[in-house]
Every structure is written in C-alpha cells, then in structure tokens.
Amino acid sequence: MDTTETLLLPPGGSTIAGEVDALFYFIVYASIAIFGIVLFGIIYLSIKYRTEKAAVEGTTSGVSHNTRLELAWSIIPAILVIIVFIWGFNVYMKMSIVPKDAMEVKVTAQKWFWSFDYPDGINTVNELVVPLGKPVKLLMSSRDVIHSFFVPAFRIKMDVLPNRYTLTWFEATKIGRYDIMCAEFCGDRHSEMLAKVRVVSEREYKEWLESGTETAEDITPVDYGRALFRTKACYTCHNVDGTSAVGPALNGIVGKRRALVGEGEVTIDENYLRESILEPRASIAAGYQPVMPTYQGMLNDKQVDALIAYIKSLK
Ligand SMILES: [Cu+2]
C-alpha cells in the first residue's frame, strides 16, 4: 500500500507502511479527541461549580457518584484499548512473519557501517540494492556492539546484536533511494552510520547482480581500489589528504616508518598494508585506537590487491 507524504510521517515505501501509519494516526486522533473531551470537561465544570457560587449556596453538590457516567468512562476506553491491541497485534504479526518466497540478504553491522551479503555471493557496503515488489528477508547480526537497523520510509526498525541473529523483512513498493540509519547509540560516529536502500526494477536488479562480478575486469587496479575505498567504507575513517581522522591518513605512507603501539617500528610496505586491512589488530599504529574492523572474509584477494595499489598511488 502506497502512502503519500503526510503531516507527521515521511512518505512510505513498503507494503507495511500504510498499515503502520493507519494505526499510528488512529492512536494520535483518538488521543487528541480524548484530550479535547477531558479539557472541555475540566473547564466547563470548574466554571459551573466555581467557589463563589458554592459559597452562596453554602454547600457543594451532594452528588457522590453517577453509575452511568462511570460505566461510560470505563467501558469506552477499555474498548479503545482492545481495538488498539488487536489491530496492533495483527500488524505486528504481519511484520514478524517473513513470506516464504522472500529473498534473503545477510546484514552485518559494525562500528560504523553496514554491509550486505546477497544470495549470489555479492557484497556491498552502505548500500542495499533490492528489487521492487519482492519480499526481502534481512538476517542481521553485529560484529561489535548493539546497533539498530532503521528504514523510516519502510517503517521497519530492528535491533542488531552481536552473537545472535535478528530478523526483519520488507517489500518495497516504490523505486527510489531511502535512508538507513542506526537507531541504537553505538559510539563516536553513531550519527554517521548512514546507508541507503536502493529500490530498482526486477530487470535492473538482475543486471546489477551480473555487473557486480565484472567490475574488477574492466578497470585498472588503482581505479578499482578507489571504488572499493568508497564502497567498503574505508573513507569513513581514513582521509587521503594528509589529515588524520579516526585512522591515519593513507596518502604518501608507503616506504615511511610507522611507530606501533608496544612493539617498535615497521616500514610501511605491501605486506604491512595487507596485514593492516585483513588483521588490523596485529599491529596498531601508535596514537590510534584499535577500532579498525577486520575485512577478512569481506574482501577477496583481488580486492585487497586493488586497495593496496590505490593506497600506493596516493601521493
Ligand atoms: Cu550503530
């Protein structure tokens, strides 16, 4: 069900969005109505039974209760609560039960980016590409702390934990790009843990899957490395203009000496670069925190070679 932009919520882009919104607006408008009735009652009754009048008559009202009124204000809210419960439970079940024909994507969260593994062995970072009109199951886990996968336009949000899987699913109803955010405070750069869902047509998705594997063939290692530097999120921690960020700048470092935490110095060469990418904990550059994630299993040899070629090309 499509929804257009509404007063309080961003435009919806998934099958569930319309249902979540309907329930949300029911609760909002019911609350506004009840607030209005109560406010009116308070004002009206406090004017009607204000003190001077009571003083004149020498007494307040002798009425101690009103059975019909009391039943009304117990039963009507009880019915509203039951409606919201049954309605909410229904929508919740729809959000929790993954359709059988769903395509599965493995989501890995780590400080501070998202990576996605597709059924065909393709991997992307900070961009989830999905076909329009097909249910997508997300099997999620974290490599470090608790994160939370949040796509406002799809109305889905699910915690992502280390050492166990959590599940959620969606079916996109509109071609476009949608924000992914981390909704669980996870450290320094939590607010920068942003990614996109790109919804494309079924045909475009197939083309994308096919082209994903041939990227490496068509371009030089340096260009491929430059692309990987972006798509694998290296740029979120490393600058290439000589300024340090979370990690050291990576330009002009080859051949230089690098002081390590604890164990002296090394000369930066291909082996050191390779080790830094695949086993960042093996030697930590002095003056930095050991926060670089391992890329073991996320990069094949060709990709590691390309990244090294790119780093060597940076002056
Ligand atoms: Cu996070």
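# Strands, sheets and an exposed helix

Me: Which residue in β10 does Tyr178 stand opposite?

Reply: In this predicted model, strand β9 covers residues 176-182, and β10 covers residues 195-200. These strands β9 and β10 pair in the antiparallel sense over five bridges. Within β10, the residue that Tyr178 faces is Val197.

Me: Which residue in β9 is the bridge partner of Phe149?

Reply: Strand β6, residues 147-151, is joined to strand β9 by two bridges, and the two strands run antiparallel. Two bridges are also the minimum for strands to be called paired. In β9, the bridge partner of Phe149 is Cys182.

Me: Which are the edge strands of the sheet that has the order β4-β10-β9-β6-β7?

Reply: This open sheet has five strands with mixed pairing, and its order begins with β4 and ends with β7. An edge strand here pairs on one side only. The edge strands are therefore β4 and β7.

Me: By what angle are neighbouring strands of that sheet turned against each other on average?

Reply: The sheet in question is the open one of five strands in the order β4-β10-β9-β6-β7. With direction ignored, so that parallel and antiparallel neighbours are treated alike, the average turn between its neighbouring strands is 20°.

Me: Why is one side of β3 and of β8 left without a neighbour in the sheet, and which residues make up β8?

Reply: A second open sheet of five strands, again with mixed pairing, has the order β3-β2-β1-β5-β8. Both β3 (123-125) and β8 stand at its edges, each with a single partner strand, so one side of each has no neighbour in the sheet. Neighbouring strands of this sheet are turned by 25° against each other on average, direction ignored. Strand β8 itself is made up of residues 166-171.

Me: Which residue in β8 is the bridge partner of Pro135?

Reply: Strand β5, residues 135-142, is joined to β8 by six bridges, and the two run antiparallel. The bridge partner of Pro135 in β8 is Glu171.

Me: What is the omega of the peptide bond from Lys111 to Trp112?

Reply: Trp112 is found in the loop between β1 (103-110) and β2 (113-117). Most peptide bonds are trans. The bond from Lys111 to Trp112, however, is cis, with omega near -5°.

Me: Is Asn163 buried or exposed?

Reply: Asn163 has a positive phi of about 65° although it is not a glycine, and its place is in the loop between β7 (156-160) and β8. A residue counts as exposed if 12 or fewer other C-beta atoms lie within 10 Å of its own. For Asn163 the number within 10 Å is 7, so this residue is exposed.

Me: How does Asn126 count, with its C-beta neighbours inside 10 Å?

Reply: Asn126, found in the loop between β3 and β4 (127-131), has a positive phi of about 60° although it is not a glycine. Its 18 C-beta neighbours inside 10 Å fall between the limit for exposed, 12 or fewer, and the limit for buried, 20 or more. Asn126 therefore counts as partly exposed.

Me: How many of the 30 residues of α3 are buried?

Reply: Helix α3 (residues 67-96) reaches 43 Å from its first C-alpha to its last, close to the 44 Å expected at 1.5 Å a residue. Met93 lies in this helix and is exposed, with 9 other C-beta atoms within 10 Å. The helix lies largely in the open, because the number of its residues that are buried is zero.

Me: What distance separates the C-alpha atoms of Met93 and Asp223?

Reply: The domain assignment gives domain 1 (17-96), domain 2 (103-212) and domain 3 (219-313), and the centres of domain 1 and domain 2, taken over C-alpha atoms, are separated by 41 Å. Met93 and Asp223 are 130 residues apart along the chain, and the distance between their C-alpha atoms is 47 Å.

Me: What is the radius of gyration of the protein?

Reply: The protein, with its eight helices and twelve strands, has a C-alpha trace that spans about 100 × 50 × 30 Å along its principal axes. Buried residues make up 22% of its 315 residues. For 315 residues the globule rule gives 20 Å, and the protein's value is well over that, so the protein is more spread out than a compact globule. The radius of gyration is 29 Å.

Definitions and conventions. Residues are numbered from 1 along each chain as its sequence is written. This is a predicted model: local features need pLDDT of at least 70, side-chain atom pairs count only at pLDDT 80 or more; totals for chains, interfaces and linings use all residues. Helices (H or I, at least four residues) and strands (E, at least two) are DSSP runs, numbered from the N terminus. The expected span of a helix is 1.5 Å times one less than its number of residues. Axes are lines fitted to C-alpha atoms, for helices over the stretch in contact, and angles run from 0 to 180 degrees between N-to-C directions. Domain bounds come from an automatic or database domain assignment. The radius of gyration is taken over C-alpha atoms; the globule rule is 2.2 Å times the number of residues to the power 0.38.
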